[in-house]
Amino acid sequence: MHQKKEKYQTSSSQKQKRNSSDRKGPQTHEKRAENRSRDFNEKSSARKSSGSERHPDPALSKKKSSPRFEYEDDYIFWCRKCNLPLIGEECGICGGKGDTLHLSQPADVRFCSPYEREVLAEQLISAFGCDPLGDRFVLLNKIPGEDKTDEVIVDGFIFGVLRFELSEMDYSFEPSLQGAKILLKSAEGRKVELKKTNRHLNGKNVASGLIESFASNIKAGDFVLVTAGSLSGYGISYINGADFAGMESLSKPEAQSGTVIQPEVRAQSESEYSSETKSPSEAESPSEAESPSEAESSSETGTKVIRVRKVDSSEAFLHPEIPDLGACIEANKKHLQVLGKNAINTIRGIISRNEYRALPVYVSFSGGKDSLVVLDLAKSALKQREFKAFFLNTGIEFPETVEFARDLCREMKVPLEEMSSGSAFWEQVEKFGPPAKDFRWCCKVCKLASAGDLEAGKGACSLSGKEAANAVAYLTIDGKRKHESFSRARIAASETNPFVPAQLNIFPIRDWRALEVWLYIHWRGLSYNPLYDQGFERVGCWLCPSALAAEYSRVKELHPEMHARWNAFLLEWAKKHGLSEKFVEHGFWRWKELPPKMLRLAEELGISVLAEEKAEDFEIEVVGGISPCKAGGFSVEAGVRGIREKEAADFINVLGNTVYAEELGMLLVKTGTGTVKFFSNGNLLVSSETKEKAVCLFKEAAKQFVRLSRCTGCGICEKACPVGAVSIKEGKPHVSETCIRCGKCMESCVVTRYFDKLVPGLDEKLKV
């Protein structure tokens, strides 16, 4: 699964601003802790500690105003008597109704894997000296963050947040209010005791004079457990424990002037503290601004030591019941039966339609948990109909995944059709560079090219013209789910595949959460990919840019030879583009256009993210923008390098009727909106009746020239063409006169899909 993250758009001017030579220095560690904590704190405070109901909250109302998809089924239930998570309201053991437990979106809650449980235990013990959770059920609910970020749910409440820090390339744990209270019962470290005070503490900075005790193992930026009389909770430290002893004496002189001292932690020695006064208007949130009386109270005690996130006088306890997995399955059995039945009916309902009854059926099997469930459901649904599993071996799959896919199909007695891309990725990566979240050329080269090799899909080629372009030749049952990410939130029960001709995809578990997938697997006793127990939330290609950095770090541990090969390529690629090893180490290569969160991280770490531009063999340069023609209409002129006229003549009629006058050194293309003229000297002239049409036609022509120059010979366009007009000869695409200009070859081409990234700034050159 993909940890799906929020989508951001950042202009090139913003990038320049972020990476200018006069940018500010790295942020302090405690400031990062405050920033990463704020969203979680606001979300948590919007719920009761039990998680059973919501309260109105400005942060949530802002969220709903955003264009991002909002899930309505963002909750599960929790049986308080049996202490078990429920996917339906009624508990199958006691018959009681569970409390509603609302989840942060996309609400794809799951069981904590054995490896993740080890990581959580290590974080709790290293930070607080205890792990009070023992053998309890621990659920993880992914939430937006820099990388792997999960709410930790125990006994029906949020215990805290476990996150992978890209700055440190390691995990950290932030307790919730209720989690902090439970940790305080047995914690041996990171504890801060405050003197009794009548001050309001939540969201406030506390100075050294109000500190009763301060644990020596605390580091600046650490989340700490806080007590103040009958109050308890957690906060964030501004200083190291070793510095606390001398803090009071250092802060007293400055305290006379009423200022609050902010130490520059980790950037200075313990005696080099700088003071700063923060006015209410400069505060990062309303809770940071202090009233005059509060500022006066701070001045009495001097140096700022911690920031209290949340404290109150409530009690928190762990549930006395610690059920096992068998009990959890029993409690949810009826709900699982309903889920399975509905999914089977979805499969049967679509494949039994008259127009599909004679078509071949496949199950898309990736070796992951979702496709595993779909394979089992298909076996139950298609007892009277033959089907095959097909596995797209991209050549960069985990060896565990390849072995599991083959073994499982053998065990289940399901025919397996495995299609391999061989070394396609390694052959093309030099040309395209590393794939990115917003530049996933690898999927087309390694997946879609092989998918088009299915014998069933080739049957569509027996049809002709427009009929072939819209034909369905085979059905594929797929495990895609809407809760995996916001980008998949709107998938329907069935959809045609825009990149693989003649394929209709059926999504029978589109409404399931990961918890329901795992409960089904355990209920049915299915074998599953061992990588899930090793800390992988998804088990796709091992170097996929959409994978989490936390998972990529596991590749280094489990398969050092694979990691070394890819890392060597990345370092060489970065060097050629003037980027540092830190750029690679912290995962910035995974974006073509960095989102704001990564720009902030780059600024904090002092890493330049501006690559040096390298001249390509192919170049298209606009001359003077758009101009009116003497004969009427508008034209765009450009110079093209790296494309021979004969190559263009064999291909460019994908745009329209083509006339090639070799003796005149001119190639003419007539389209429905204008004309394209390409001359042997490299000049390109595009004309149309309006400015808008001229721009549009020029972009289409430029796109085809880029497509021709960047062609990798993968053959996807050849397979996508419904009339067989496209062929690959000597590594270059050729388009015959039988082309019906349906656009299928362009839709499936990785170059045209990422044209804007391969030829950036074209609108600026066109002055539009």
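**Helix crossings and buried residues**

Q: Does helix 9 pass helix 10 in a left-handed or right-handed crossing?
A: Helix 9 passes helix 10 in a right-handed crossing, where the near helix is turned clockwise from the far one by less than a right angle, while an anticlockwise turn would be left-handed.

Q: What sort of model is this, and how are residues numbered?
A: This is a predicted model in which local features need pLDDT of at least 70 and side-chain atom pairs count only at pLDDT 80 or more, while totals for chains, interfaces and linings use all residues. Residues are numbered from 1 along each chain as its sequence is written, and side-chain values use heavy atoms, with hydrogens and water left out.

Q: How many helices and strands are there?
A: The protein has 25 helices and 28 strands, taken as DSSP runs numbered from the N terminus (H or I, at least four residues, for helices; E, at least two, for strands).

Q: Back to helix 9 and helix 10: at what angle do they cross?
A: The axes of helix 9 (residues 369–381) and helix 10 (residues 399–412) cross at roughly 20° and come within 12 Å, where axes are lines fitted to C-alpha atoms, for helices over the stretch in contact, with angles from 0 to 180 degrees between N-to-C directions. Helix 9 and helix 10 are therefore roughly parallel to each other (angles under 35 degrees are roughly parallel, over 145 roughly antiparallel, 65 to 115 roughly perpendicular and the rest oblique).

Q: Which residues in helix 9 and helix 10 meet?
A: From helix 9, Leu 372, Leu 375, Asp 376 and Lys 379 meet Phe 404, Leu 408, Cys 409 and Met 412 of helix 10, with contact meaning heavy atoms within 4.5 Å. By class, this contact of helix 9 with helix 10 has six nonpolar, no polar and two charged residues (Ala, Val, Leu, Ile, Met, Phe, Trp, Tyr, Cys and Pro are nonpolar, Asp, Glu, Lys and Arg are charged, and the others, Gly among them, are polar).

Q: And at what angle do helix 8 and helix 9 pack?
A: Helix 8 (residues 325–351) packs with helix 9 at an angle of about 70°, the axes being 9 Å apart. That makes helix 8 roughly perpendicular to helix 9. Helix 8 also passes helix 9 in a right-handed crossing.

Q: Which residues in helix 8 meet helix 9?
A: Gly 340, Ala 343, Ile 344, Ile 347 and Arg 348 of helix 8 meet Leu 377, Ala 378, Ser 380 and Ala 381 of helix 9. By class, the contact of helix 8 with helix 9 has six nonpolar, two polar and one charged residues.

Q: New topic: where is Asp 155, and is it buried or exposed?
A: Asp 155 is found in the loop between strand 6 (149–154) and strand 7. Asp 155 is buried, with a relative accessible area of 6% (buried is under 20% relative accessible area, exposed over 50% and partly exposed in between, with a 1.4 Å probe and protein chains only). Its phi is near 55°, a positive value in a residue other than glycine.

Q: What polar contacts does the Asp 155 side chain make?
A: The Asp 155 side chain makes a polar contact of 2.9 Å with the side chain of Asn 83, and a polar contact of 2.9 Å joins the side chains of Asp 155 and Arg 136. A polar contact is a pair of N or O atoms within 3.5 Å; within protein, one must be able to donate a hydrogen and the other to accept it, and residues adjacent in sequence count only if both atoms are side-chain atoms.

Q: Which residue joins Pro 106 through a cis peptide bond?
A: Gln 105 is joined to Pro 106 by a cis peptide bond with omega about 15°, and Pro 106 lies in the loop between strand 3 (99–102) and strand 4 (110–111). Ala 107 is found in the loop between strand 3 and strand 4 and has a positive phi of about 65° although it is not a glycine. Ala 107 is buried, with a relative accessible area of 0%.

Q: Which residues of helix 15 are buried?
A: In helix 15 (residues 549–558), Ala 549, Ala 550, Glu 551, Tyr 552, Arg 554 and Val 555 are buried. The buried residues of helix 15 pack against helix 4 (114–128), strand 7 (157–165), strand 8 (170–175) and helix 16 (560–576).
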